[in-house]
Amino acid sequence: MNVSTSALALSSTPPTHQIRAWLLANHSELQSRYVQALRTILFTNRPEIRPSVLTRIAQTEVDALLAFIDTVDAEVPIVHGQQLCRSGLSEESVLQLGQTTRRVCLVMPEELRLPALEVVEGYHSLVMRGFIQRHKTLILEEQERIRSALQRTLSRNAVQMTLAANVARAATSILDLNELLQSTTELIREQFDLYYVSIFLMDEAERWAILQASSGVPGQTMLRRGHRLKVGGDSLVGLCIANGEPKIALDVGDRAVIFNTPLITDIHSEMAVPLISRSKVIGAIAIQSRRVAAFSEQDIAIMRIVADQLANAIENARLYEQVCQELVDRERTTTELFHAKEAAETANRAKSTFLATMSHELRTPLTAIIGYSELLQSEIEQLGVEELISDLSKIHAAGNHLLALISDILDLSKIEAGKMRMYIEDFSITTVVRDVITTIQPLIDKNANTLVVKVDESLGTIRADQTKVRQALFNLLSNAAKFTEHGTISLGVTHEVLRTSEWILFEVRDTGIGISSEQMRHLFKEFTQADASTTRRHGGTGLGLALSRRMCQLMGGDITATSVLGVGSIFTIRLPIDVSAVLGGQGALETDRSLRGATAV
């Protein structure tokens, strides 16, 4: 699937907004997938569903999903499910739409997949609820239509029709398939005073009619033996199913039949009526009588009504079993996702603890190495052994680089573990900018760059963690200096008022190598840089931007970036002018939860 990157929202945007934006950006592809999925199972729907209406159905599915994400109104998917049922869509098609949406969620950005799957699971559960509600209504309407037909024929055979209606009502009141079939056979036998009644259903290959329920002791014996009849064979049931038409066999007249039924003796009449659901034969009812010429064409008409009711009841029972299984599967999937989420969070906490522990263990000897290298440099300079000074300088620089990396890892693990403390204080914005410029100037000069600073002297103070603000600003300027040669780096600091909140914006512009749209997607991920060649040429660990953004989010702000490959980049730090007001406290604060792309509180 060709995924658009234009809808990828900032991490501070609520997940549902990001999901909706992503779906809007990929609206056409999603609609196309729905149409393709519907085409593969087109013939499971009612006849009124034609290929020409699939695009409209796919469009309404996309619209309903987006409306649900917008409103989180359970009525939206329920009404949509009812509309899908009314349009003639089958349950298989509705389930296929849900599976298609879940597969689309799996190609979303990683941070959106689990929230999107949760939204989609809730949405399609409600769609299925509405579909089933409407399906039950349609079944009841169909039953009402058949009952009306029974009433119109009461004048011909009032007693038998009443019995048929009683059998039909009993059949449609049971949802367990085995209980339904067995109860129906016994009821038909008793109500119509028959010797033997059996119900056959076709196997999946549609080659055999398998006995599913039968009355009396002989019938139970055949059930235990797995009695079956070949579809289209010599049996009355086989011919009835193959032709889809009722069959009567009598032992009188010109076409007398000699019944060969060892377990069921003294049979003189037999009738088989097909069970037809959605224009498809699914089985047959077979009834036998000891009376001579017991059945007539009028009996076929009555038994057809019973068979139609029973076929609907069988479909209801199968649908009920399928829905129950679907609910069990969904509950199991939800449980598995919950356990997987818990396991992932546990593993993440263990990782953070390990990193924090190892960082402390490594930082102590590294500090000693750096200190001893400084002492050795001083002594070597005094002794005048110039050839060793270069090697000691390399040891000292490598130690400092490794110590900075370990410190970044330790800070990152503290944030993820929710243990990063913040020291909120009032400090001058211009003073911090001036200190950072003094520190960064050698890096600016290293690549023959020019630094332009524009700071409004009237900005005054900001209430935040001064160390973290300084570190984030230094990291952005350091990146700009690293990836720009013989260019210009600009730092601008401005004040912004949005409704009732005030913000300070630190904007760093450069005329460096720039970043491609594909690389922008991974810009703020830990241990990630633009590509391997960038790492080899410019160095770095890929932690600076990720850590800076986490720290800004920890203070209720964020870092955003825009870039054009080959032209340059713009990074913007956006912080509230009073961090303590956002976090609801003053002084030293400790985060109460880890950040995973969302603003901490």
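**Exercise 1.** In which sense do β4 and strand β5 pair, and over how many bridges?

*Solution.* The model is predicted: local features need pLDDT of at least 70 and side-chain atom pairs pLDDT 80 or more, while totals for chains, interfaces and linings use all residues. Residues are numbered from 1 along each chain as its sequence is written, and side-chain values use heavy atoms, without hydrogens and water.

Step 1. Strands are DSSP runs (E, at least two residues), as are helices (H or I, at least four), numbered from the N terminus; two strands pair if DSSP finds at least two bridges between them.

Step 2. β4 and β5 (residues 269-277) are antiparallel, with 4 bridges. I248 is opposite M271 in β5.

**Exercise 2.** Place β4 in its sheet and find which strands stand at the edges.

*Solution.* Step 1. The open sheet has 6 strands in the order β3-β2-β1-β6-β5-β4, paired antiparallel.

Step 2. β3 (228-230) and β4 (247-250) are at the edges; each has a single partner strand, so one side of each lacks a neighbour in the sheet.

**Exercise 3.** Locate T484 and state whether this residue is buried or exposed.

*Solution.* Step 1. T484 sits in the loop between α14 (466-482) and β10 (488-498).

Step 2. Its relative accessible area is 0%, so T484 is buried (buried is under 20%, exposed over 50%, partly exposed in between; 1.4 Å probe, protein chains only).

Step 3. Leaving out residues up to four places away in sequence, T484 touches N447, N449, D510, T511 and G512 (contact means heavy atoms within 4.5 Å).
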